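Here are some notes to read with the model open beside you. Take the points in order, and turn the view as you go.

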Amino acid sequence: MSEQLKTVSAMNKLYIGNLPIEADEAAVRQLFAEQNLTVADISVKRGGYAFVDFPDQSAADRAIDKLHGYSYCGLPLIVEPSVANKKIVNVPSLQSASTTQLKEGNNDSLSGSWR
């Protein structure tokens, strides 16, 4: 059951981009507090972005609605679901199909184009 809770809470993580380079956790926490948004955890990364965890999906949705495009220190924020939340479907089968097609295609094209 605890694994299910971790999976659900992972869906509440947002990527916050286009932050000023000097932004730290306190500044990002203050930004969310000014917008009356409750956050669970903030992880600010070098390079002007952060990951913010929310207590539930509705809080994450409100953050997107309020802050995506919001001008913060003269920069429009990018607020969207974390890439880690997106599922990649059938990547191994797509790669193997592409590799097979390339091998088959290369045999035909090499024999004709290299002579």
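The points below go from the overall layout to single residues.

1. First, the overall picture. What you have here is a predicted model. The chain contains four helices and six strands, and along the sequence they come in the order α-β-α-β-β-α-β-β-β-α. Of the 115 residues, 24% are buried. Look at contacts with a separation of 6 or more, and 63% of them turn out to be between residues 24 or more positions apart.

2. Now for the inside. The largest nonpolar core has 20 residues, and Ile16, Leu19, Phe32, Val52 and Phe54 are the ones with the most contacts within it. Strand 1, helix 2, strand 3 and helix 3 (57–67) each give two or more residues to this core. Helix 3 supplies the largest share, four residues. As general background, nonpolar side chains in soluble globular proteins tend to be buried together.

3. Helix 3 deserves a closer look. Which of its residues are buried? They are Ala59, Ala60, Ala63 and Leu67. These buried residues sit on the same side of helix 3, because the arc they cover around the axis is only 100°. In general, an α-helix has 3.6 residues a turn, so residues three or four places apart point the same way. The partners that the buried residues of helix 3 pack against are strand 1, helix 2 and strand 6.

4. Follow the chain out of helix 3 and you reach Gly69, which has a positive phi of about 90° just after the helix. Gly69 belongs to the loop between helix 3 and strand 4 (71–72). Is Gly69 buried or partly exposed? With a relative accessible area of 46%, Gly69 is partly exposed. Beyond its neighbours within four places in sequence, Gly69 is in contact with Pro76 and Leu77. You can also check Gly69 against Asn18: they are 51 residues apart along the chain, and their C-alpha atoms are separated by 9.8 Å.

5. Next, the hairpin. Strand 2 (residues 41–45) and strand 3 (residues 49–53) pair in the antiparallel sense, with five bridges between them. One pair of bridge partners is Asp41 and, in strand 3, Asp53. Three residues lie between the two strands of this hairpin, and Gly47 there has a positive phi near 100°.

6. Val52 is a good residue to click on, being one of those with the most contacts inside the largest nonpolar core. Setting aside its neighbours within four places in sequence, Val52 is in contact with Asn12, Lys13, Leu14, Ile16, Val28, Phe32, Val39, Asp41 and Ile42.

7. How many salt bridges are there? The count is two. In one, the side chains of Lys13 and Asp53 meet at 4.0 Å, N to O. This pair links distant parts of the chain, with Lys13 in strand 1 (residues 13–17) and Asp53 in strand 3, 40 residues apart. Lys13 has a relative accessible area of 28%, so this residue counts as partly exposed.

8. The other salt bridge is between Arg29 and Glu25, whose closest N and O atoms are 2.9 Å apart. Both residues lie in helix 2 (residues 25–34), four residues apart, about one turn of the helix. Arg29 is partly exposed at 32% relative accessibility, and Glu25 is partly exposed at 37%.

9. On to the rings. Searching the whole structure gives four aromatic pairs. Tyr15, Tyr49 and Phe51 make up one aromatic cluster. If you want to describe such pairs yourself, the general approach is to give the distance of the centres and the angle of the planes.

10. Last, a loop residue. Ser82 is in the loop between strand 6 (78–81) and helix 4 (91–113). Is Ser82 buried or exposed? Ser82 counts as buried, because its relative accessibility is 2% and the cut-off for buried is under 20%. Leaving out neighbours within four places in sequence, the contacts of Ser82 are Lys13, Leu14, Tyr15 and Phe51. Two of these names came up in the aromatic cluster, namely Tyr15 and Phe51, and Lys13 came up in the salt bridge with Asp53.

How values were computed: Residues numbered from 1 in each chain as written. Predicted model: local features only at pLDDT ≥ 70, side-chain atom pairs only at ≥ 80, totals over all residues. Heavy atoms only, no water. Pairing = 2+ DSSP bridges. Buried < 20%, exposed > 50% of the residue type's maximum accessible area, 1.4 Å probe, protein only. Phe/Tyr/Trp six-rings, centres within 6.5 Å; stacked < 30°, edge-to-face > 60°. Core = buried A, V, L, I, M, F, W, Y, C linked by side-chain atoms within 4.5 Å. Contact = heavy atoms within 4.5 Å. Arc of directions from axis to C-beta.
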